[in-house]
Amino acid sequence: MSTNAEFDIVSSYRRILNEDPELTMPVAAIEALVEAIAQSSVSTVAETLDLLERHTAALKASIANPISLSAGTDLFQRYLITTLNRPASLNLGPDDDFRAIRNHLLSNGKLFVERAKQSREKIASFGKHFIRDGATVLTNGGSRVVGALLRRAAESSTIRFKVIYVVPSSHTSDANEGDQTVSDLRAHNVPVATISDSAVAYSLGKVDMVIVGAEGVVENGGIISRMGTYQMGLLAKSKGKPFYVVAESHKFVRLYPLSQFDLPIEQKVLDFKVTDDPKASKAGAKDAVDEGIADMTLKHTSTGLNAEDAVDFTPPDLISGIITESGVLTPSAVSEELIKIWF
């Protein structure tokens, strides 16, 4: 059996992200897995699946918050398993060997990646119709797909809107992306006000809708997103404001959290102390994980994610709709969509 010992999946994953900073974590992970299969010498279905499983585990172990990455790798793994278990779907002749099967998988794997890359623009096309002329949109920083949607709406000659942008801390990796989105919108003559997390409730009286991104869309229709999204959902619900999520289907993840503390990652948010810890006071300078964009400087430590890096869970009852490249889903339809994707 080929061990593909020479191939470093983590280095390949990071290289792919560095080469294209617009890539999301799950797409970069899938692309790295396609490379791993291409450079391997596997000769059976069992070897291929074993290779994929080991590389997937290595990728998940390499970052502190693998939720978004897991959505993509698990989906791709399921795709390969389904394809390999149904050889008739490959349209291969009786004389074709495993090499032909592998070449077919690689071709389809690359097509899978290309379609995933295109999903952001499809979402922007769908989502821009939710922004009405004269509306004020509240959003939080760091989501590339939200930025694409707002820019697409700004390019329309029939929509005039304002944006209230909740900017992340200057210590986070979201800060640069947030600044860029704000600059782009203002360059398109969209009035943008930037606020901190603490000003969300104050600002809601001027807001017509909330649009946020997500690291993962879970089975019950809720989302896992950057810390502060949950409180935005709660406040929007209390004021009767629609709360929309924009997320690619490769971020649909097979998790079923019931509360903030059911997430499969360790987070150092509630850090109870009795005396000042000098080490803790220096920990705030770490960069945060963008929603679906890998932060290459984030270190994977045993102490878990600090508050700046953390995510929270927004339950489905706070969400008005989920905008994907396939259309708009209600939260209750997410489980059905996952069944379609996985089975």
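How much space lies in the second largest pocket? About 250 Å³. Keep in mind that what you have on screen is a predicted model, and let's use that pocket as the way in.

The walls of the second largest pocket are made by Met227, Gln260, Phe261, Leu263, Ile265, Gln267, Val269, Leu270, Val311 and Asp312. Sort that lining by class and you get seven nonpolar, two polar and one charged residues.

Met227 is a good one to click on. You'll find methionine 227 in the loop that runs between β6 (223–226) and α9 (229–238). Is methionine 227 buried, partly exposed or exposed? Its relative accessibility comes out at 30%, and since buried means under 20% and exposed over 50%, methionine 227 counts as partly exposed. Now look for glutamate 308: although 81 residues separate the two along the chain, the C-alpha atoms of methionine 227 and glutamate 308 sit 7.9 Å apart.

Next, the largest pocket. Its volume is about 390 Å³. Its lining takes in 14 residues, and those closest to the pocket centre are Leu75, Phe112, Arg115, Ser249 and Glu325. If you'd rather think in elements, α4 (67–85), α5 (98–127) and α11 (334–342) each give two or more residues to this lining. Which of them gives the most? That's α5, with seven residues.

The lining of the largest pocket splits into six nonpolar, four polar and four charged residues. It also draws on two domains: at least three lining residues come from domain 1 (9–120), and at least three from domain 2 (124–258 + 308–342).

Finally, swing round to helix α1, which covers residues 9–19. Here Ile9, Val10, Ser12, Tyr13, Ile16 and Leu17 are buried. Why do these residues end up on the same side of α1? Because they cover an arc of only 165 degrees around the axis. Turn to the other side of α1 and you meet Asn18 and Glu19, which are exposed. One last detail is at the start of α1, where aspartate 8 points a side-chain oxygen to within 3.2 Å of the backbone nitrogen of valine 10. Valine 10 is also one of the buried residues of the helix.

Note on methods: Residues are numbered from 1 along each chain as its sequence is written. This is a predicted model: local features need pLDDT of at least 70, side-chain atom pairs count only at pLDDT 80 or more; totals for chains, interfaces and linings use all residues. Side-chain values use heavy atoms; hydrogens and water are left out. Buried means under 20% relative accessible area, exposed over 50%, partly exposed in between (1.4 Å probe, protein chains only). Helices (H or I, at least four residues) and strands (E, at least two) are DSSP runs, numbered from the N terminus. The arc is that of the directions from the helix axis to the C-beta atoms. A polar contact is a pair of N or O atoms within 3.5 Å; within protein, one must be able to donate a hydrogen and the other to accept it, and residues adjacent in sequence count only if both atoms are side-chain atoms. On a 1 Å grid over the protein atoms alone, a cavity is a set of points where a 1.4 Å probe fits but cannot get out, and a pocket is an open set with protein on both sides within 12 Å along at least five of seven lines; lining residues have an atom within 4 Å of a point. Grid points are joined across faces, edges and corners, and a volume is the space filled by probe spheres set on the points. Ala, Val, Leu, Ile, Met, Phe, Trp, Tyr, Cys and Pro count as nonpolar, Asp, Glu, Lys and Arg as charged, and the others, Gly among them, as polar. Domain bounds come from an automatic or database domain assignment.
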